Amino acid sequence: MVKKKFYLTTAIDYVNASPHIGHAFEKVIADVISRWNQLKGKDVFFLTGVDENAQKNVDAAKKAGVPVKEFVDKNAKLFLKLCEKLNINYDSFIRTTAKEHAKVVQDIIKKIFDNKDIYKGVYEGLYCVGCEEYKTEKDLVDGKCPEHNTKPEYRKEEAYFFKLSKYKDKLLEIIPKYVVPEKRANEVLNRIKEGLQDLCITRKGAEWGIDFPIDKNFKVYVWVDALINYISGLQDKEKYWPADVHVIGKGINWFHSVIWPALLLSAGYELPRKLLVHGYLTLKGGKISKSLGNTVDPLELLEKYPSDSVRYALLKCSIFEDSDFSEEILIERHNNELANKLGNLVSRVSSLIEKYGLDKTENKLIKKLKLKTIEKLIQDYKFDKALNLIFEFIDVCNEYIQDKKPWTEECEDKKKILYELADSIKSISILLWSFMPETSEKIANQFNFKINYKEIKSPLKISKIKKGENLFTKIKKG
Ligand SMILES: [Zn+2]
């Protein structure tokens, strides 16, 4: 049987600085979607990468006194390291300075030009380099960009424009089905209804970036270049395009909800199916930012704590709302949930089995696992709620041991009770694979089962089960 394809992407990150915790959050969200679809038997292609053509990379390199290429190379490596340490199962990592990428960008712009959607004019207005976005007075607060708290530059130059306004009605029609959650769809719909301007898509005389194929005196506007990575990053475009999900942060919703589909419509491509827009991580409800000096360095966390603990702590944050995250929260979740609940269950059950053995029986305990609801929650990207239900079932299993006391002489069915527990641990662990792959694979080795979707419901085969090492060592608060 031919597997159904599933293509997902993350945003590509600016390499003007090292990765921050928000990057880790987005990659982990996408990795859960990727692994879950893989578990369900789909042929998954997962693309992530970095945006190397932005003006702000150039500015940051100049500030650091390093040639731009050297600067982006160095920071791109940190993003690769982040993926590796977080156990992100991506298939391809795109860097937009790659030659093949430039060619695809130019081909698509030519298609848009042939479709008569590009014209020459004069751009006059404001530009925030932090956002890499043209701004209107309306977008500013006290004359400054609210995202960056900086004054945008004034630009007046010859430029090429894309006829974005032409796609207004079509966009109003597609966005409600395309953008998740609904409130993010409504934000862009309201903005479109206020008026949709054509988009300036070039920069005159810029030193860094992709040549504009219609006129060599210009470079391609970095967002047009960046968005096209979702197509250029595919080796097999025929097979995988359109994207099934683009995962992005709320700050770049407009580019993905409005500009991207319009460019694709003009160039004659099929549209992506879903845009998943996540919120930001916050600290005590406030912004995490460099200028506030309260950043959490994900690479530092990954030096100190197991990858799965970092993943789990992040995934317990709500995707759709802004959500608090800190090292303290990570330690609490690691100790109270991973060590005390999951680690404890696996360790008690495996050591009792080592002592008493197993006897196959019908697992009645598993009826308390709300499998259908958990699956629906994962399907709807409500990962924190899915984890809550999985851990509720872990509580049920721990209470069952406490209640039955299979280590006592009075307990006559101890081998059957232990079988029910071992079989339940199998289901828990397969469900957790998308969230915590390392832990899940350790448990699978210990209890001798394979991680695939069918195994969730098929009874555990009896084999030798050994008490392994502790899955999670408690972290002392420093
Ligand atoms: Zn800005």
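**Entry 1: a cis proline to begin with**

I began at Pro 181, which lies in the loop between β8 (179-180) and α6 (182-193). The model is a predicted one, and in it the peptide bond leading from Val 180 into Pro 181 is cis, with omega near -5 degrees. I then looked up Trp 241 and Pro 242, which are also joined by a cis peptide bond, here with omega at about 5 degrees. Pro 242 sits in the loop between α9 (237-240) and β12 (245-249). I noted both bonds because most peptide bonds are trans.

**Entry 2: positive phi outside glycine**

I turned next to phi, since most residues other than glycine have a negative value. Asn 149 has a positive phi, near 55 degrees, and I found this residue in the loop between β6 (133-135) and β7 (153-162). Is Asn 149 buried or exposed? I count Asn 149 as exposed, because 12 C-beta neighbours lie inside 10 Å and the exposed class takes in 12 or fewer.

Asn 448 has a positive phi as well, near 60 degrees, and belongs to the segment after α17 (437-447). With 15 C-beta neighbours inside 10 Å, Asn 448 counts as partly exposed.

**Entry 3: the chain as a whole**

I counted 17 helices and 16 strands in the chain. Along the principal axes, the C-alpha atoms fill a box of roughly 85 × 50 × 40 Å. I compared the radius of gyration of the chain, 25 Å, with the value near 23 Å that a compact globule of 478 residues would have, and the two agree. Of the 478 residues, 43% count as buried. Among contacts with a separation of 6 or more, 75% are made by residues 24 or more positions apart.

**Entry 4: two domains**

The domain assignment divides the chain into domain 1 (5-292) and domain 2 (327-456). Taken over C-alpha atoms, the centres of domain 1 and domain 2 are separated by 40 Å. Which helix gives the most to the side of domain 1 that touches domain 2? That is helix α1 (residues 21-39), which supplies 4 residues. In all, 9 residues of domain 1 are in contact with 10 residues of domain 2.

**Entry 5: the nonpolar core**

I looked up the largest nonpolar core and found 135 residues in it, with Leu 227, Ile 259 and Ala 422 having the most contacts inside it. This core draws at least three residues from each of domain 1 (5-292) and domain 2 (327-456). Nonpolar side chains tend to be buried together in soluble globular proteins.

I followed Leu 227 further: leaving aside neighbours within four places in sequence, Leu 227 is in contact with Phe 255, Ile 259, Trp 260 and Leu 263.

**Entry 6: helix α10**

Those partners led me to α10 (residues 253-267), whose 15 residues should span 21 Å at 1.5 Å a residue, and whose end C-alpha atoms are indeed 21 Å apart. There is nonetheless a kink of about 30 degrees at Ile 259, shortly before the proline Pro 261. How many of the 15 residues of α10 are buried? I found 11 of them buried, so α10 is largely enclosed by the rest of the structure. The buried residues include Phe 255, Ile 259, Trp 260 and Leu 263, and also His 256, Ser 257 and Ser 266. Just after α10, Gly 268 takes a positive phi of about 85 degrees.

**Entry 7: Leu 387, a buried position**

Leu 387 lies in helix α15 (residues 383-404). Why does Leu 387 count as buried? It has 22 C-beta neighbours inside 10 Å, and the buried class begins at 20. Beyond the neighbours within four places in sequence, Leu 387 is in contact with Leu 315, Lys 316 and Phe 435. I checked the C-alpha distance to Lys 316 and found 7.2 Å, for two residues that are 71 apart in sequence.

**Entry 8: Glu 207, an exposed position**

I closed with Glu 207, which has its place in the loop between β10 (202-204) and β11 (218-220). Glu 207 is exposed, with 9 other C-beta atoms within 10 Å. The C-alpha atoms of Glu 207 and Gly 468 are 58 Å apart, and 261 residues separate the two along the chain.

Terms used:
Residues numbered from 1 in each chain as written. Predicted model: local features only at pLDDT ≥ 70, side-chain atom pairs only at ≥ 80, totals over all residues. Helix = DSSP H or I, 4+ residues; strand = E, 2+ residues; numbered from the N terminus. Contact = placed C-beta atoms within 7 Å. Rg over C-alpha atoms; globule rule 2.2 N^0.38 Å. Core = buried A, V, L, I, M, F, W, Y, C linked by C-beta atoms within 7 Å. Domains from an automatic or database assignment. Expected span 1.5 Å × (residues − 1). Bend = angle between axes of the 7 residues up to and from the residue.
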